[in-house]
Amino acid sequence: MNWKDKNLDIKTPSITSEQINEQIKPVLRKMEQAGIRIDCNHLKKLDETLTEKLNKIESDIYNLAGHEFNVSSPIQMSEVLFTELKLPTGELKKTKTGISTAASELKKIEKDHKIISPILEYRELSKLISTYLKPLPTLVDENSRLHTSYGLETSTGRINSSEPNLQNIPIRGKYGEEIRSAFIASPGMKLISADYSQIELRVVACLANDQNMIVSFQNGEDIHARTASEIFEVSLDKITAEQRRVAKAVNFGIVYGQTPFGLSQALSIETSKAAEYINHYFDIHKGIKEYINKMIDRAHTDGYVETLFGMKRYLPNINSTIRHIAESEERMAINTPVQGTASEILKLAMINLDGKLTAQYPEAKMLLTVHDELVVEVPQKDAKKVAQAVKEVMRDVIKLCIPIEVSVGIGNNWAEAK
DNA sequence: ACAATGGTCC
DNA sequence: ACTCGGACCATTGTA
């Protein structure tokens, strides 16, 4: 079907996903060349602090285990936890080779032994040290700037980042902010961070023409709270934090083609309970339910689905007789138009913004793109004006059936700008 | 060199 | 029996 004759209207008429990709390429090359400035000393100091912490935790783990072993080896970890310490394996997921020692699984037995908590801490610290704190300072150029490579070869149309990947820099957890604060503006400059608020949910609301969701977004409601009030049948002002958390997972799941099992895993609840939530959600969101069925039908019939701007994703195994293969591609049929359209919206905004900055603020430079976020470096004196311009370009790049919201911040580093 | 496992982001 | 979308990268352990 043609999205455009429904309730969507694109401001830049008749541009295709192919044209978007051609036009974004030179923009990405400029961003790669610009690079982002890193405070290496900050990262090195944090490295020293956390390495010291890590060593202490490591010896704690040895003491609790009764001997030394390689804590980074899942095989040895499994031996220690489940053979030697005989911790319960009942509710834990299995891998091909044995019992999983993934953090999500270990949390289930955290109260059964004092060793679990330091293991989780060890994992957190070693991840940060080996993936971010150690490598990044070795990769900066003579101006302390870090240059990533952006690619367009993803199956949904998203932009990816590698060598190094600057799209998975920590933000949550105890040290997320600390690490992001090492991404800094040059002297006399500021960083601007601008991100779309719930762009994928807005996109799916419009693609699915889900009246309930559309009204909610038009009224500027807290969408997760709204969903919570629907599935728990309580008024908006009586939503608990826990109910909102569940509703948020349900909303996310919609975009992913969720199953009761998947939701149950995400929330650590009974599959039957998860199924109740989902069923109740679909009772209220007929548009979403129809959208899902339509995409799956289309994929089965045509062998592909497409985004708003016409990017096709072929799903050759959707008619497989192997259930989980076919079901996996059904979920892609649901997710790809949503994720792909959202990524097209950001790419189009980047193209437009590049034009505007080049013409009006040639000293301002786009540096990073993180799926629904842009980071721009700009002379201090222009920061406020450019921040407003970035926000407007992102907001007005396309007219959806509902308003698009963009939040923007200014700071001396990435953490501050968010 | 490669598979398996685990973990970070949106 | 087994699962929710899209990426990249580090470590271990085997080939």
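**Figure 1. Residue classes and contacts at the surface near DNA strand B.** In this predicted model, the surface near DNA strand B is made up of eight nonpolar, seven polar and seven charged residues. In total, 22 residues surround the strand, and T97, T101, R158, N168 and D372 are the closest. Helix 5, which spans residues 116-133, is the element that gives the most to this surface, with three residues. Of the atoms of DNA strand B within 4 Å of the protein, 83% are sugar or phosphate atoms, and the rest belong to bases.

**Figure 2. Individual polar atom pairs between the protein and DNA strand B.** In the side chain of R123, an N or O atom lies 2.9 Å from a phosphate oxygen of DNA strand B. S100 likewise places a polar side-chain atom 3.4 Å from a phosphate oxygen of this strand. At V370 the protein partner is a polar backbone atom, which is 3.3 Å from a sugar or linking oxygen of DNA strand B.

**Figure 3. The surface near DNA strand C.** There are 29 residues around DNA strand C, and those that come nearest are S73, S155, N160, E163 and A266. Of the atoms of DNA strand C that come within 4 Å of the protein, 65% belong to sugar and phosphate. By class, the residues of this surface comprise six nonpolar, 19 polar and four charged. Two pairs involve a phosphate oxygen of the strand: a polar side-chain atom of S73 is 2.5 Å from one, and an N or O atom in the side chain of S155 is 2.7 Å from one. A base nitrogen of DNA strand C, in turn, lies 3.2 Å from a polar backbone atom of L263. Two or more residues of the surface come from each of helix 3 (74-84), helix 5, strand 4 (160-162), helix 12 (260-267) and helix 15.

**Figure 4. The largest pocket and its lining.** The volume of the largest pocket is about 1,400 Å³. Its lining consists of 38 residues, with I171, R172, F252, D372 and K418 closest to the centre. Sorted by class, the lining holds 14 nonpolar, 11 polar and 13 charged residues. Helix 11 supplies the largest share, six residues. The elements that each supply at least two residues are helix 5, helix 7 (176-180), strand 6 (189-196), helix 8 (199-207), helix 11 (241-256) and helix 15 (323-360). D372 is also listed among the residues closest to DNA strand B.

**Figure 5. The second largest pocket.** This pocket holds about 340 Å³ of space. Of its 17 lining residues, G257, Q258, I292, I296 and I334 are nearest the centre. Helix 11, helix 13 (271-284), helix 14 (286-302) and helix 15 each give two or more residues to the lining. The lining residues divide into seven nonpolar, six polar and four charged.

**Figure 6. The largest cavity.** One cavity of 30 Å³ or more is counted in the model. The largest cavity has a volume of about 50 Å³, and its lining is formed by R158, I159, S343, L346, K347, T369 and H371. Helix 15 makes the greatest contribution, three residues. The lining contains two nonpolar, three polar and two charged residues. One of the lining residues, R158, is also among the residues closest to DNA strand B.

**Figure 7. Helix 10 and its surroundings.** Helix 10 (residues 223-232) is largely enclosed by the rest of the structure, because nine of its 10 residues are buried. The buried residues are I223, H224, A225, R226, T227, A228, S229, E230 and I231. These residues pack against helix 8, helix 9 (211-218), helix 11 and helix 13. At the N-terminal end, D222 acts as a cap, with a side-chain oxygen 3.1 Å from the backbone nitrogen of H224. Just after the helix, E233 adopts a positive phi of about 55°.

**Figure 8. The environment of E306.** E306 lies in strand 7 (residues 304-306). With a relative accessibility of 17%, E306 counts as buried, since the cut-off for burial is under 20%. The side chain of E306 is in polar contact with the side chain of R298, at 3.3 Å.

Note on methods. Residues numbered from 1 in each chain as written. Chains lettered and ligands numbered in written order. Predicted model: local features only at pLDDT ≥ 70, side-chain atom pairs only at ≥ 80, totals over all residues. Heavy atoms only, no water. Near = heavy atom within 4 Å. Polar contact = N/O pair within 3.5 Å; in protein donor to acceptor, adjacent residues only side chain to side chain. Helix = DSSP H or I, 4+ residues; strand = E, 2+ residues; numbered from the N terminus. Nonpolar A, V, L, I, M, F, W, Y, C, P; charged D, E, K, R; others polar. 1 Å grid on protein atoms, 1.4 Å probe; cavity = no way out; pocket = protein on both sides within 12 Å on 5 of 7 lines; lining within 4 Å. Points joined across faces, edges and corners; volume = space filled by probe spheres on them. Buried < 20%, exposed > 50% of the residue type's maximum accessible area, 1.4 Å probe, protein only. Contact = heavy atoms within 4.5 Å.
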